[in-house]
Protein chains: 2
Amino acid sequence: MSKEITSRAENYSEWYNDLVLKGGLADYSAVRGCMVIKPYGFTLWENMRDVLDKMFKETGHVNAYFPLFVPKSLFEAEEKNAEGFAKECAVVTHYRLKTNPDEPGKLMVDPEAKLEEELVVRPTSEAIIWNTYKKWIQSYRDLPILVNQWANVVRWEMRTRLFLRTAEFLWQEGHTAHATKAEAVAETIQMINVYADFAENYMALPVIKGVKSESERFAGAEDTYTIEAMMQDGKALQSGTSHFLGQNFAKAFDVTYVNKDNQPEYVWATSWGVSTRLIGALIMAHADDDGLVMPPRIAPHQVVIIPFLSKNEEETQRMITTANELKSDLQKLGIRAIVDSDETKRPGFKFAEYELKGIPIRVVIGPRDLANGMVEIARRDTKEKSSYSVENLPKSIEQLLDNIQQNLFDKAKAFRDSNITKVDDFATFQKLLDEQPGFILAHWDGTAETEEKIKELTKATIRCIPLDNPQEDGKCILTGNPSKQRVLFARAY
Amino acid sequence: MSKEITSRAENYSEWYNDLVLKGGLADYSAVRGCMVIKPYGFTLWENMRDVLDKMFKETGHVNAYFPLFVPKSLFEAEEKNAEGFAKECAVVTHYRLKTNPDEPGKLMVDPEAKLEEELVVRPTSEAIIWNTYKKWIQSYRDLPILVNQWANVVRWEMRTRLFLRTAEFLWQEGHTAHATKAEAVAETIQMINVYADFAENYMALPVIKGVKSESERFAGAEDTYTIEAMMQDGKALQSGTSHFLGQNFAKAFDVTYVNKDNQPEYVWATSWGVSTRLIGALIMAHADDDGLVMPPRIAPHQVVIIPFLSKNEEETQRMITTANELKSDLQKLGIRAIVDSDETKRPGFKFAEYELKGIPIRVVIGPRDLANGMVEIARRDTKEKSSYSVENLPKSIEQLLDNIQQNLFDKAKAFRDSNITKVDDFATFQKLLDEQPGFILAHWDGTAETEEKIKELTKATIRCIPLDNPQEDGKCILTGNPSKQRVLFARAY
């Protein structure tokens, strides 16, 4: 292989970084904790974004854009939210540079261009948006507001990891305003369902939907719904959240509406988001020691066609022509196909490269196969190679893409389900987390103290209280206090 | 009318602001100089972005994403570029807030969280991108790099105007790297042609393509190509620029490649961009005293269908059903149509509202017309109302949208062409700018001093030296020194 990938067994974390860097998804940058999303990674993100955006629009949402900066006085208005994010805020204090008199050719911050009020680079946009909604909402006729924004946000993290935790990341944040609590709760649940649908049916990523414990809630929310996915190392990755914000932001920003009885009421709010972090989930759910494995529905390229090139020019030209015809036939079915007829690279090099990139299907067009009306197809997920008839080939490939999509989901789900364990004593709980990490369903006494203590002792957190959780009597795994249900524990990214 | 719009004659500048605010395109925000792009304005931007993005991809470009922040030491590496933007830079100096001990509930910048090196919020991304390209480029095989980024940028402007000049704005910036000068120049010209194509064929905005004088070049460029459009007040609006950057950034960031002869060479660069500023151009080119006028190809909604509502419930239901069927038939042709069957608003109110929003076609479905197999159609551009047969109505509407698109372009072009004047003496030059503003073609001696002096005296700048400019002997309008060609002067946004 051209580019060596660390194996999962050898070093899981290096394996992940190798895939991101050598797979061409992203690169480190000169800015601490910020990454460059390379074209291949960005095309993946575009495909994910386009699917999500369509889902948002189908559920009645529209896009808008709000400022990058939040004046400090607005940022601090909702106290819990402010407290939650204060430690991670990049702050703009000046609006001009000037030439440095002591160092020719260098610049310095102009001390005379200090802002009267500092500007926080948005870590999330509730504050700036609710300050705007105040102007937009007077009557019940102005509600609901169903707005989404695709944007960059900044959270100054001390330990960063490509895609999983970067100082700047790309995301979407929905911010809705409603006349009633019931409507806002329904919106919150609708959006976690949209996220679960997207994760499972496009990313092939099985998720558990649930509600966060109070300690794990979004700062400023009354309830946080989450989807949790299992990575190949058994750790959990929070893949999307939807928050019921109650009237907290309406009260902080004094946003009221006049109801049908002509009475003023505070507005109810939700917010919900997913980010480029999902790309990290995608990698760790499906990739293997040979590289990335892209789920067909969002893969940047779904099919790579490699014509066999030889010294026989006429034959080579015929192979290239056949490859291009197939590409064009696939494109007519809406399939994203590319042809690699680069004669400076050998087939083995190309095979390894496209395995690394995780392209779902590789088609090799060779003269001998073609004489028999066949081509060779390799699927990335199982590595199986088969001969396919050129008759109805585009349709066969379309079908195979569906199979691969389903297989990736099934495989990830089987892995996850076999790594969820019910545990009833703390010694087993600790042992399992160390020796065979996965999700653990265990009883918890419902207190933040116990939750914190378990985290200290095991690094495991409550990922969620699953929706439709079966109710059963039991005893808290740590304190032995009574409990009515098991909750989902795991170590997490 | 529900919302009063200042007329152009009364106050052009207030007319513009009224359209932006009352037309629902954008709103002021709590952050100085930053605006909120409202859903209607953002949908317009999405439509523009989607067309441009497709054009970029068809010319071989791919999207990527680079960090929002530029470390000061990188920012200052290309000196001319740094000098050009230093005065407009928002600077992040700290990465944390903390609770203010003197004011309970308030936050303050944590002085202990000062960054070792300040971060500039990108006013443009050449520096961060070329610092990245250094890692990506070793050999001629790595070239060309044809990358575009859709992003927000910040330029701290003292006097801001909605869309036209805001501290934060959205744009795309293409950044390409090439092995040869000829290739980079060809790319620069290709992209100004893409912009002109987009402006003329989608925005219905006639533009003059040309090259900037040295003083008006992008900071760090060797040549800046521009498209210049005329607004209804006769002023110019620079609508897109494409820069040939020579080897300036390659030298500043030491980006070389090994050519086929195994020799190191500096890489050649271009960059090119258009921004949300284009929305300002759109407004000022087409709108009238009743509101916005959207060119059909990028209009958020192309057709609004208004069923006639009466106390006859059966009839009303029939009108609504007919309206929805028409909408669905239009959508099958890819036409963006909406139905307004809100019974709390009267037709007159709705007509005014959709005129204000600039929806190209309004269809009224009334029982009397319908009994005769007809509907009433009003076109926004000419305000003409006509009866149309329901036979083949979707096709008639499709045709009418094309007519409107063409008419908007023709009208704007006729206006512009009738306001371009050749002038040969300075008194007329000054008088014309004051009394009947437009574009002036005049001789210039080619010096920066004369250019500056003319600007001081008249506020007019050289917008460009048009491409394929006819060569003729003449005398500079100000100095009388010899000149070989006329250049395009105007006051500008």
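The following conversation concerns a predicted model with chains A and B.

Visitor: How many helices and strands are there in chain A?
Guide: Chain A has 14 helices and 26 strands.

Visitor: And what box do its C-alpha atoms fill?
Guide: Taken along the principal axes, the C-alpha atoms of chain A fill a box of roughly 80 × 70 × 55 Å. The radius of gyration of chain A is 26 Å, which agrees with the value near 23 Å for a compact globule of 493 residues.

Visitor: What share of the residues in chain A is buried?
Guide: Of the 493 residues in chain A, 48% are buried. In soluble globular proteins, nonpolar side chains tend to be buried together. Here, the largest nonpolar core has 304 residues.

Visitor: Which residues have the most contacts inside that core?
Guide: They are A:Leu205, A:Ile305, B:Leu205 and B:Ile305.

Visitor: What is A:Ile305 in contact with, leaving aside neighbours within four places in sequence?
Guide: A:Ile305 is then in contact with A:Ala323, A:Leu326, A:Lys327, A:Ala337, A:Val339, A:Val363 and A:Ile365. On contacts in chain A as a whole, consider those with a separation of 6 or more: 68% of them are between residues 24 or more positions apart.

Visitor: Let us change topic. How is chain A related to chain B?
Guide: A turn of 180° with a shift of 0.0 Å along the axis lays chain A on chain B, with an RMSD of 0.0 Å. That is the relation of a two-fold axis.

Visitor: Which residue of chain A comes closest to the rotation axis?
Guide: That residue is A:Val92, whose C-alpha is at 2.1 Å from the axis. A:Val92 also stands opposite B:Val92 in β5(B).

Visitor: How do the two β5 strands run, parallel or antiparallel?
Guide: They run antiparallel. Strand β5 of chain A and strand β5 of chain B, each residues 91-94, are joined by 3 bridges.

Visitor: How many residues are in contact between the chains?
Guide: 55 residues of chain A are in contact with 55 residues of chain B. On the side of chain A that touches chain B, 33 residues are nonpolar, 9 polar and 13 charged.

Visitor: Why do the copies meet through the same surface?
Guide: They do so because 100% of the interface residues of chain A are also interface residues in chain B.

Visitor: One more thing: how many residues of helix α8 in chain B are buried?
Guide: Helix α8 of chain B, residues 277-286, is mostly covered, with 10 of its 10 residues buried. Among them are B:Arg277, B:Gly280, B:Met284 and B:His286.

Notes:
Residues are numbered from 1 along each chain as its sequence is written. Chains are lettered from A and ligands numbered from 1 in the order in which they are written. Copies are superposed by least squares on the C-alpha atoms of residues with pLDDT of at least 70 in both. Two residues are in contact if their C-beta atoms, placed from the backbone, lie within 7 Å. A nonpolar core is a set of buried Ala, Val, Leu, Ile, Met, Phe, Trp, Tyr and Cys residues joined through C-beta atoms within 7 Å. A residue is buried if 20 or more other C-beta atoms lie within 10 Å of its own, exposed if 12 or fewer, and partly exposed in between; C-beta atoms are placed from the backbone. Helices (H or I, at least four residues) and strands (E, at least two) are DSSP runs, numbered from the N terminus. The radius of gyration is taken over C-alpha atoms; the globule rule is 2.2 Å times the number of residues to the power 0.38. Ala, Val, Leu, Ile, Met, Phe, Trp, Tyr, Cys and Pro count as nonpolar, Asp, Glu, Lys and Arg as charged, and the others, Gly among them, as polar. Two strands pair if DSSP finds at least two bridges between them.
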